[in-house]
Every structure is written in structure tokens, then in C-alpha cells.
Amino acid sequence: MRTSNPVMRSEKILFGCHRGDRLHYPENTMLAFRAAAELGCDAIETDVRTTKDGHLVLIHDRDVARTTNGSGNVDEMTLEEIRALDAGGWKDPAFAGEKIPTVIEFLEFVSKTDMLINWELKEYPDELGEAQAYGCVDKLVALIDRYGLAERSMMNSFSQKVLEYVDEKWPGKFMIHGYIGYSKKDVSKRPLESFLDWTAIWYKDAEHTAGFLKDYEYAKACDILTCILVKDTEEEYQKAINMGCRMFTSDDPATGIQVLKALGKR
């Protein structure tokens with residue numbers, strides 16, 4: 001394993017929230033992130049995109065329609081246009097007026113915690129071009145360095161090219177998270193397994209609800225740590241732990257943390 005992060009060298013089962021506490025709050029908003037921190041999550045997973053005028057914001061979809069009161073692609077809108085949107089009312093009228101966060105706003109918050117950050121890089125070279133995709137990464141790294149958070153940052157993407165770009169430009173600087181075996185956005189020059197620290201166990205079925213043992217075993221053979229998103233129950237978490245899972249990601253962090261406590265892992 002390449003990472004020097006001390007948390008990664010421990011045997012602790014980590015717990016991360018998926019876009020913040022998105023069960024109770026609008027996803028990828030400061031409300032959701034603050035709630036996750038208060039619950040005691042080890043990590044926050046969030047999604048990075050670039051506005052038309054070059055600012056980094058946190059939103060999952062390219063089109064803002066699902067999680068705001070607007071429509072249009074993030075990369076075709078200015079930061080002013082993005083910040084004018086309501087990113088909370090779709091979830092509940094009580095959250096009306098919540099904004100799409102900038103990466104800087106998020107970093108100001110998370111730098112005052114000890115949480116890990118799982119940055120999902122959502123812009124792909126084969127979809128938006130290399131200049132856009134790699135430019136987003138360059139800007140993110142510059143901001144991470146400004147706040148001194150490289151050691152706590154995990155770079156995550158469905159694009160093998162993006163992850164390879166990170167590994168080649170900043171070798172060993174970040175934890176790198178990819179998706180072994182999953183239908184990917186593109187293909188890297190080198191085998192994906194050669195530069196990953198983490199992989200998500202993706203494939204499941206009705207009998208293997210916490211993933212397949214062969215996928216965990218393959219990751220272990222490649223010296224890659226495994227994480228998963230499963231139902232937040234003791235049964236599902238224990239199945240995954242028995243196969244070697246080292247981190248859970250959840251949409252309902254309050255329940256997930258209680259499950260880990262019940263299993264004696266918290």
C-alpha cells in the first residue's frame with residue numbers, strides 16, 4: 001500500500017457519508033456535511049465540478065435540475081448563476097435557500113475537523129475533454145495544498161485516465177480510489193490495480209448483498225483496501241467485514257454509525 005496516512009495504516013473500520021447526511025438533508029450541501037461531522041463520520045464523500053468561469057463547486061450531476069430549482073450544465077454556468085440556485089427546497093421547504101457549496105467553502109469547514117475527504121472527480125476526459133477534466137484536478141489540488149489537506153484527501157473517479165493523471169503528476173501524494181471490474185468511463189495506460197489504494201466493491205446480487213468474496217480477495221491480492229455501500233444493518237455490515245471490508249459509505253450515517261457500534265467496531 002502506498003499511502004502514508006496514519007489512519008490507513010490502522011485496523012480501524014472507517015465510516016464515510018455519501019454526499020453528507022443525504023437522508024436527512026439535501027445532498028452535497030453544507031447542512032449535510034455539518035450534520036455528518038456532528039455524527040462522528042470519519043470521511044465525507046463529495047463530488048467536484050467546474051463552473052464555466054473556472055470555479056470549483058460540489059454537485060453530483062452535470063445538470064443542476066435534480067438537486068436545484070434550475071436547469072442547465074454546471075460547466076456552462078457561471079459561479080454567480082450556480083450560487084443563485086436553491087439547492088435545498090427540492091428536499092424539503094425547510095431547506096429552501098441552501099446553496100451549492102464551493103470547494104473553498106467546504107475546505108474552510110473540513111479543515112477545522114480531522115475528517116478524511118473522498119473527492120469524487122466527476123469531469124471525464126472522454127466526455128468534456130482533457131483540458132476540462134485535468135484542469136479541474138489541477139485546481140482542486142492547488143486548493144487542497146492551500147489548506148494542507150493532501151494527507152487526508154482521497155481522489156476518487158470512475159475515469160481511469162483521471163486517476164492515472166493524479167498518480168503520475170503527484171505520485172504517492174493522495175490516496176487513490178477506483179472501481180476494479182466496474183464498467184468504466186475510460187481506460188488508463190497502466191493497469192488500474194497498479195496505482196489504486198482503495199476500490200469500491202461494486203457487484204452484488206440477491207445472494208451476495210455485501211459483494212462477492214472473489215472481489216475482496218482480488219483486491220487484497222493487489223494490496224488494495226476495500227469499501228462498500230450496503231444496507232445499514234448489522235447483518236450486511238458483518239458480511240462485508242468478514243470478507244475484508246475496511247470502510248463503509250452510507251446515505252444514513254446516523255444508522256450506519258450505530259450499526260458499527262453494535263458490532264463493536266466503533
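**Exercise 1. Strand E4 and its neighbours**

Determine which residue in E5 is the bridge partner of Trp 119, and establish which strands pair with E4 and in what sense.

*Solution.* In this predicted model, Met 155 in E5 is the bridge partner of Trp 119. Strand E5 (residues 153–156) runs parallel to E4, to which four bridges join it. Strand E2 (residues 43–50) also pairs with E4 in the parallel sense, over six bridges. Within E4, Ile 117 stands opposite Ile 44.

**Exercise 2. The side chains of E4**

Sort the residues of E4 by the way they point, and decide whether they are buried or exposed.

*Solution.* In a regular strand, side chains alternate between the two faces of the sheet. In E4, Leu 116, Asn 118 and Glu 120 point one way, while Ile 117, Trp 119 and Leu 121 point the other way. Buried means under 20% relative accessible area. Six of the six residues of E4 (residues 116–121) are buried, so the strand is largely enclosed by the rest of the structure.

**Exercise 3. The packing of H2 and H4**

Classify the angle between helices H2 and H4, and describe the residues of their contact.

*Solution.* Helix H2 (residues 30–39) packs with helix H4 (residues 103–110) at an angle of about 20 degrees, and their axes are 11 Å apart. Because angles under 35 degrees count as roughly parallel, H2 is roughly parallel to H4. Their crossing is right-handed. From H2, Met 30, Phe 33, Arg 34 and Ala 37 meet Glu 105, Phe 106 and Phe 109 in H4. Of the residues in this contact, five are nonpolar, none is polar and two are charged.

Methods. Residues are numbered from 1 along each chain as its sequence is written. This is a predicted model: local features need pLDDT of at least 70, side-chain atom pairs count only at pLDDT 80 or more; totals for chains, interfaces and linings use all residues. Side-chain values use heavy atoms; hydrogens and water are left out. Axes are lines fitted to C-alpha atoms, for helices over the stretch in contact, and angles run from 0 to 180 degrees between N-to-C directions. Helices (H or I, at least four residues) and strands (E, at least two) are DSSP runs, numbered from the N terminus. Angles under 35 degrees count as roughly parallel, over 145 as roughly antiparallel, 65 to 115 as roughly perpendicular and the rest as oblique. A crossing is left-handed if the near helix is turned anticlockwise from the far one by less than a right angle, and right-handed if clockwise. Contact means heavy atoms within 4.5 Å. Ala, Val, Leu, Ile, Met, Phe, Trp, Tyr, Cys and Pro count as nonpolar, Asp, Glu, Lys and Arg as charged, and the others, Gly among them, as polar. Buried means under 20% relative accessible area, exposed over 50%, partly exposed in between (1.4 Å probe, protein chains only). Two strands pair if DSSP finds at least two bridges between them.
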